[in-house]
Each structure stands twice: as structure tokens, then as C-alpha cells.
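User: I have a structure here and want to go through its charged side chains. Can you take a look with me?
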Amino acid sequence: LLIEDHPPDAASLRDQLARAASAVHLTLAGGLEEALAALAGPEAASPPFDVVLLDLFPPGGRRLGPVRQVAAAAPTLPIIILTGRDDHALATRAMRAGAQDYLVKGQSDPGLLLRTMQHAIYRKQATAEQQRLVDELRRARSELERRVLERTGELARAVDELQAEVTRRM
């Protein structure tokens, strides 16, 4: 999904992707509202996109709000920021807001664009798998703690019973 309001930039990106890989299908959203509607469509649970290419300042968006909105609307999709300015600090803030990578418009070639997309997809999948494993570990730890408490209680009752038995025999 490409969120880009400037037709020449969208056409340039479409050309780059066509040169890099013929199997890439690009869906264009001219603004944030259109993109959010596409992400909230009937396939919202499993969007038909592999990656979101997001112009850093699309119409309807201000500052880093669009990154956060797209990340919230499609938490499983990696986001690559496209920016006209080579502003590392702004790009870093955008990545902290939910993007996986950024590219400066006009400074990438078809191979770099495709690799960036592939790496962003891989990193997003790896992060999701890591989170799944952390959640699984938390559940296992919680279950183990419950079982330890349960067994500790059983052992405490057994000790009490033994002490009572010893007391009765004395």
C-alpha cells in the first residue's frame, strides 16, 4: 500500500518497483483517510498488503500522527517512511512511532527499494515472533508460579499433618 499524494512521486515509485520485481502489486492511496479506509476494509484482520509505504506528510496527516495511525490500523504490517528531506532525527522519531525503515525520495534505486521492503517485512515478522515467544514465556512462568504455590500449600499441609501426628504420639 503506497500512501502518496504527489502523483509524480507515486509514478516514480511504481516504475522503480516494476523494474525491481514484476510480482509487486502496488495499491495507491492518495491520502491518509483513503489508506485507513483500505486498511479497515473487509480484510482488516488480515490486510491484503505486505508493507505500507508512507509519505511522511500525507494529506490529512500532521507530523508523526500518520505513522501512529497506520501502525494502529494495521499493527501487523511494516511501515516504510518515504520522505523528501534527508532528516535523520525526524526519520528516527518516525521509526520510534512505529515505522520499520525510511527512504529519502529520489535517493533510492529499485534494488534498494525492494531490499528495504523485504527487510522491513522480515523485521516485522521477527518482532511479532519475538513478542509471541515473550507472551508464551510469561504464560508459562505464570503457570509455573501457580503450580509452585499450589505445591507449596500441599507441602505446608503435609508438614502440619506430620507435626500434629508427632504431637499426638507424644
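User: Which residues are linked in a network of salt bridges?
Analyst: This is a predicted model. In it, salt bridges join Glu-4, Asp-9, Asp-55 and Lys-105 into a network.

User: And how many salt bridges in the whole structure?
Analyst: The search of the whole structure gives 13.

User: Switching to helix 5. Where do Glu-136 and Arg-132 lie?
Analyst: Both are in helix 5, which covers residues 110-169. They sit four residues apart, about one turn of the helix. Their side chains form a salt bridge, at 2.8 Å from N to O.

User: Is that pair buried or exposed?
Analyst: In between. Glu-136 is partly exposed at 39% relative accessible area, and Arg-132 is partly exposed at 38%.

User: What does Arg-138 meet in a salt bridge?
Analyst: Asp-135, with an N to O distance of 3.8 Å. The two are three residues apart in helix 5, so about one helical turn separates them.

User: Why does Arg-138 count as exposed?
Analyst: Because its relative accessibility is 56%, and exposed means over 50%. Asp-135 has 30% and is partly exposed.

User: What about Arg-151, which residue does it form a salt bridge with?
Analyst: Glu-154, with the closest N and O atoms 3.0 Å apart. Arg-151 and Glu-154 are also both in helix 5, three residues apart.

User: What are the relative accessibilities there?
Analyst: Arg-151 has 46% and Glu-154 has 33%. Arg-151 counts as partly exposed, and so does Glu-154.

How values were computed:
Residues are numbered from 1 along each chain as its sequence is written. This is a predicted model: local features need pLDDT of at least 70, side-chain atom pairs count only at pLDDT 80 or more; totals for chains, interfaces and linings use all residues. Side-chain values use heavy atoms; hydrogens and water are left out. A salt bridge is a side-chain nitrogen of Lys or Arg within 4 Å of a carboxyl oxygen of Asp or Glu. Buried means under 20% relative accessible area, exposed over 50%, partly exposed in between (1.4 Å probe, protein chains only).
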